[in-house]
Amino acid sequence: MKRDVLYSCTQKNRILACADTKNIDRYLTDDKLFVKEYRSGEVIYSRDSKKKLVGIIVSGKAECEPYGAKDNALLKLMCESDMFGVANLYCDNEPFPSIIIAKTAVKVLFIDGKAFCDLIENDPVVLKAYLLLMSNKIVYLNKKISTLTAGTVENKLAAYIAKNCTEDMTLPSVSMSSLAELLGVGRASLYRAIETLENEGLIKKDGKNILVLDKNALFSYK
């Protein structure tokens, strides 16, 4: 059963899909795997988790949230084949930096962290995929830092929307309280900034969604 779940994950997961099947069987043995199910609202993984594990969402949805946020500002919505626990595999005694909470009924495949490291270190293609994933995370964090240090509320909001809008020029739905927390501003200031960008013809507020009208202008907003 555990191996069936593992083999299913290898087809969709960005790292395991690159692995040689022989290396998967060699390093990710049955004793290094377990599958666990969670109900909506249950904590899946957090800084209190003592053992380093890599988790892969097999089914359902989960939320990755930062510690200490007043309204639990969402970092990421995790769906099938998404992975957590890889960023701190090689950190010295650093606890997991976020908290993973089940949004729906969720099934997770857990892999022993040491076993996953063995796979990374002995399969060059997997190593390259892992480094690519980590590089993308670094770029994302740098973008986030630039957003938080952009200056005025309008600068921060413009930078955030420009960098996070989808291909159809829509900002993924996020509550105003979460967005204010993410940008480090008050809700009243956020609403004023949205109104300013709307009046300048850069965005349009459509219910809970924000539509991007001029992405280039948002990037260069001063």
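This is a guided tour of one protein chain, with a suggestion at each stop of what to select and what is there.

**The whole chain**

Begin with everything shown as a cartoon, and keep in mind that the model is predicted. The protein chain has 222 residues, of which 42% are buried, and its secondary structure comprises eight helices and 11 strands. Measured out along the principal axes, the C-alpha atoms fill a box of roughly 60 × 35 × 35 Å. If contacts are limited to residues at least 6 apart in sequence, 70% of them join residues at least 24 apart.

**The cavity**

Next, select Ser8, Cys9, Lys12, Ile57, Val58, Glu80 and Ser81, which line the largest cavity. The structure holds one cavity of 30 Å³ or more, and about 60 Å³ of space lies in the largest cavity. Which elements each supply at least two residues of this lining? They are α1 (2-10) and β3 (53-59), so coloring these two elements helps to place the cavity in the fold. Sorted by class, the lining has three nonpolar, two polar and two charged residues.

**Glu42 and its surroundings**

Move now to Glu42, which is found in the loop between β1 (33-38) and β2 (43-45). Is Glu42 buried or partly exposed? Glu42 counts as partly exposed, because its relative accessibility is 29%. Show its side chain together with the backbone of Arg39, and a polar atom of the Glu42 side chain can be seen 2.6 Å from the backbone nitrogen of Arg39. Leaving aside residues up to four places away in sequence, Glu42 touches Glu37, Ile100, Ile101 and Ala102. A further selection here is Ala105, which is 63 residues from Glu42 along the chain, while the C-alpha atoms of the two are separated by 9.1 Å.

**Aromatic rings**

Show the aromatic side chains next, where the structure holds seven aromatic pairs. One of them is formed by Tyr90 and Tyr130, an edge-to-face pair with 6.1 Å centre to centre and 65 degrees between the planes. This pair links distant parts of the chain, since Tyr90 is in the loop between β6 (83-84) and β7 (98-102) and Tyr130 is in helix α4 (residues 124-148), 40 residues apart. The two partners can also be compared by accessibility: Tyr90 is partly exposed, with a relative accessible area of 42%, whereas Tyr130 is buried, with a relative accessible area of 6%. Then select Phe34, Tyr45, Phe84, Phe96 and Phe110, which form one aromatic cluster.

**Helix α3**

Continue to helix α3 (residues 113-122), and select its buried residues, which are Gly113, Ala115, Phe116, Cys117, Leu119 and Ile120. Which backbone nitrogen does a side-chain oxygen of Asp112 reach at the start of α3? It is that of Lys114, and the oxygen comes to within 3.1 Å of this nitrogen.

**Thr170**

For the last stop, select Thr170 in strand β9 (residues 170-171). Thr170 counts as buried because its relative accessibility is 17%, and buried means under 20%. Not counting residues up to four places away in sequence, Thr170 touches Cys165, Asn209, Ile210 and Leu211, and showing these four side chains completes the tour.

Technical notes: Residues are numbered from 1 along each chain as its sequence is written. This is a predicted model: local features need pLDDT of at least 70, side-chain atom pairs count only at pLDDT 80 or more; totals for chains, interfaces and linings use all residues. Side-chain values use heavy atoms; hydrogens and water are left out. On a 1 Å grid over the protein atoms alone, a cavity is a set of points where a 1.4 Å probe fits but cannot get out, and a pocket is an open set with protein on both sides within 12 Å along at least five of seven lines; lining residues have an atom within 4 Å of a point. Grid points are joined across faces, edges and corners, and a volume is the space filled by probe spheres set on the points. Helices (H or I, at least four residues) and strands (E, at least two) are DSSP runs, numbered from the N terminus. Ala, Val, Leu, Ile, Met, Phe, Trp, Tyr, Cys and Pro count as nonpolar, Asp, Glu, Lys and Arg as charged, and the others, Gly among them, as polar. Buried means under 20% relative accessible area, exposed over 50%, partly exposed in between (1.4 Å probe, protein chains only). Contact means heavy atoms within 4.5 Å. A polar contact is a pair of N or O atoms within 3.5 Å; within protein, one must be able to donate a hydrogen and the other to accept it, and residues adjacent in sequence count only if both atoms are side-chain atoms. Rings of Phe, Tyr and Trp (its six-membered ring) pair if their centres lie within 6.5 Å; planes under 30 degrees apart count as stacked, over 60 as edge-to-face and the rest as tilted.
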